[in-house]
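Visitor: Could you walk me through one part of this model in detail? I'd like to see how the protein meets its RNA.

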Amino acid sequence: MESLLNAHTALIEAAVRAAQSAGDLPAFTLPPVEIKPPNRPEMGDYAYAGALAVAKLAGMKPIDIAQTIAKHLPSAPFLAAVEVAMPGFINFRLDVTWLRAQVAEIINAGDNLGAVTLGKGKRAQVEFVSANPTGPLHIGRSRGAIVGDTMARLLQAAGYIVEREYYFNNAGMQMRHLGNSMRIRYLQALGLPVELPKEEGTFYQGEYLKEFAEQLAAEKGDSLKDAGWEVFKEYAEKKMFVMIRQTLERIHIQHDIFFNENSLYDDGSVSATLEALQERDLIYVASVRESESDEVKAQNAKTPPAQWFRSTRFGDSEDRVVLKSDGAATYTLPDIAYHMNKLGRGFDLLVNVLGSDHYTEHQVVKYGVQALGGEADRIHVILMQFVRLIREGKEVKMSTRRGDYETLDDLIDQTSPDAVRYMLLARNANSRLDFDLDLAVRQTTDNPVYYIQYAYVRCAGILREAEARSFTGEGADMSLLDEESLSFIRRVLTLGDEISHSVLNFEPHRIAFYAHELASAFHTLYDRLRVFGDGIDEDVAAARLHFYRAAQTAFRRVLGLMGMSTPDRM
RNA sequence: GUGCUUGUAGCUCAGUGGAUAGAGCAUUUGUCUACGGAACAAAGGGCCGGGGGUUCGAAUCCCUCCAAGCACACCA
């Protein structure tokens with residue numbers, strides 16, 4: 001099924017061309033055509049306001065331009081009427097017969113309903129979650145998980161071939177602390193005396209480590225009591241990844257690739273990246289930034305020198321250290337190498353889902369990619385504002401290390417996978433999200449997610465009833481379908497445009513609102529349009545049954561795009 | 001202090017250049033006992049943070065002020 005927006009756009013463009021070659025309109029370049037549904041349905045199904053915008057360009061009155069365009073509009077099977085309204089709007093009305101025929105089209109489209117060709121033949125990658133394996137996923141991460149996965153689903157619906165990637169670092173100090181913490185828990189599990197580390201922030205106190213330690217003690221006895229932290233880190237890391245993946249699977253998320261930052265060191269990418277920057281004269285060795293005054297330079301003359309990336313050449317506010325004075329790389333270098341690696345894998349589009357605290361980091365990475373001649377504009381970021389947990393009206397503080405935070409698993413246990421997905425999706429990424437735990441628990445009967453799924457359930461109920469009556473509604477005369485049902489069909493037909501818009505603007509939250517609107521339109525109808533009952537003609541029943549089949553198709557598709565389940569009963 | 005983000009109904013939020021600014025919750029009032037009511041209908045509730053500007057037209061773009069969140073390391 002084609003996009004009605006695109007179809008109307010094509011009509012306008014054709015009409016303007018025709019009018020211009022006929023001399024009815026002067027020659028001018030038409031700005032991009034934007035078609036929108038008017039906010040009042042009685043005005044029509046779609047509207048074009050461009051005649052107002054080009055009035056100056058054409059040197060004519062908007063209303064005259066609109067009328068001229070309308071006169072030259074080619075006919076189309078989906079169009080019933082075109083009306084021109086003051087001060088220069090062109091309103092389109094869909095053809096009712098055509099709309100009725102769409103019921104069958106929707107059913108046939110099935111899980112491809114609303115698919116568009118925006119990304120046809122292109123490859124996209126979405127990188128999300130990307131938590132280091134130091135603990136279970138907490139709620140802060142889960143927002144990005146949902147948004148990233150939904151983005152991936154929408155990209156697929158838009159025709160992209162999509163890969164989901166998880167980037168992680170299992171080296172570094174935090175992992176060492178994890179190993180040490182695990183070792184302590186292991187010794188405790190054996191009943192051996194141990195001293196807890198005194199230094200702040202070096203000990204992971206979460207319950208999960210105790211569990212891992214008990215398992216390890218059960219498996220290995222006391223054979224590891226003299227082993228170093230590395231063994232424990234390996235064990236904990238492996239367990240942690242199993243745990244993380246299980247959690248993600250509960251909310252229907254699966255990554256195709258787990259990419260280890262370390263591999264970029266192992267295959268020489270990191271050092272190659274540094275060399276490439278050096279070759280371009282974008283690296284300098286100094287104790288402080290070269291932009292500092294001589295005075296500052298003199299003061300810091302004894303500071304061991306580091307290697308700096310001239311990111312200011314690309315618009316950064318200051319240069320960044322890429323190699324510390326001790327010879328170790330900062331995060332910047334492997335991150336640039338990673339993004340060059342991703343671009344090198346031939347993706348047309350890279351989407352990174354990041355917390356808003358990573359904004360600066362991401363900028364620097366982009367400068368680095370630019371510096372190396374990579375196509376930085378293929379990289380898009382969805383920057384997520386934080387999730388704030390509210391319990392009893394107060395903010396709950398989260399900390400991975402103390403272990404007193406809400407995990408995603410807890411949240412799923414308290415609500416449901418579907419509720420978690422919906423609630424974390426139904427908000428613009430750049431707004432902060434307050435997740436009221438009490439509300440989430442209490443709201444299980446009240447949550448919009450159930451409202452949407454209930455629409456699907458109701459369809460399923462009707463189809464069950466039809467089956468019980470052995471009624472198939474074959475050969476239905478769709479002209480018996482009333483006007484109200486058709487307005488639901490109209491809404492279904494905008495799904496493709498919704499998908500395009502979400503993908504072009506990287507706004508997966510839109511589908512959540514669309515789903516709710518669609519459910520609302522559905523419930524209204526359901527109340528009035530029974531399929532079976534006294535006084536309902538069999539022909540009418542047949543038409544309505546088809547309609548509800550189409551509705552069910554639409555809800556299955558929309559729920560699928562949001563990664564939510566489609567229960568036949570609730 | 002600098003950069004990014006946010007400010008829309010009592011609350012939580014959609015809407016980013018078009019016609020009379022929307023939804024859910026809450027409040028008030030009805031429908032109805034169904035192909036499962038986790039439903040439907042109706043009402044009230046808004047100087048779209050303040051001020052200025054651009055435009056035929058601004059919640060939407062620009063400037064400025066106010067308020068909130070995040071980031072500003074030789075941490076990752």
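Before we get there, where in chain A is confidence lowest, and where is it highest?

Guide: Keep in mind that this is a predicted model. In chain A, the low point is helix 17 (residues 437–442), with a mean pLDDT of 70, while the high point is strand 5 (residues 123–127), at 97. Where pLDDT is low, the coordinates shouldn't be read in detail. Chain A as a whole has a mean pLDDT of 90, with 96% of its residues at 70 or more. For the complex, the predictor gives an ipTM of 0.94 and a pTM of 0.94.

Now to the RNA. There are 62 residues around RNA strand B, and Lys56, Lys324, Tyr451, Tyr454 and Met570 come nearest. Of the strand's atoms that come within 4 Å of the protein, 64% belong to sugar and phosphate. By class, the residues of this surface split into 26 nonpolar, 20 polar and 16 charged.

Zoom in on some polar contacts to sugar or linking oxygens of RNA strand B. Asn430 uses a polar backbone atom, 2.7 Å from one such oxygen. Asn169 places a polar side-chain atom 2.8 Å from a sugar or linking oxygen, and for Arg458 a side-chain N or O atom sits at 3.0 Å. As for the elements giving two or more residues to the surface near the strand, they are helix 2 (50–53), strand 4 (89–94), helix 14 (359–371), helix 18 (448–468) and helix 21 (510–528). Helix 18 gives the most, with 9 residues.

Terms used: Residues are numbered from 1 along each chain as its sequence is written. Chains are lettered from A and ligands numbered from 1 in the order in which they are written. This is a predicted model: local features need pLDDT of at least 70, side-chain atom pairs count only at pLDDT 80 or more; totals for chains, interfaces and linings use all residues. Side-chain values use heavy atoms; hydrogens and water are left out. pLDDT is the predictor's confidence in each residue, from 0 to 100. Helices (H or I, at least four residues) and strands (E, at least two) are DSSP runs, numbered from the N terminus. A residue is near a molecule or strand if one of its heavy atoms lies within 4 Å of it. A polar contact is a pair of N or O atoms within 3.5 Å; within protein, one must be able to donate a hydrogen and the other to accept it, and residues adjacent in sequence count only if both atoms are side-chain atoms. Ala, Val, Leu, Ile, Met, Phe, Trp, Tyr, Cys and Pro count as nonpolar, Asp, Glu, Lys and Arg as charged, and the others, Gly among them, as polar.
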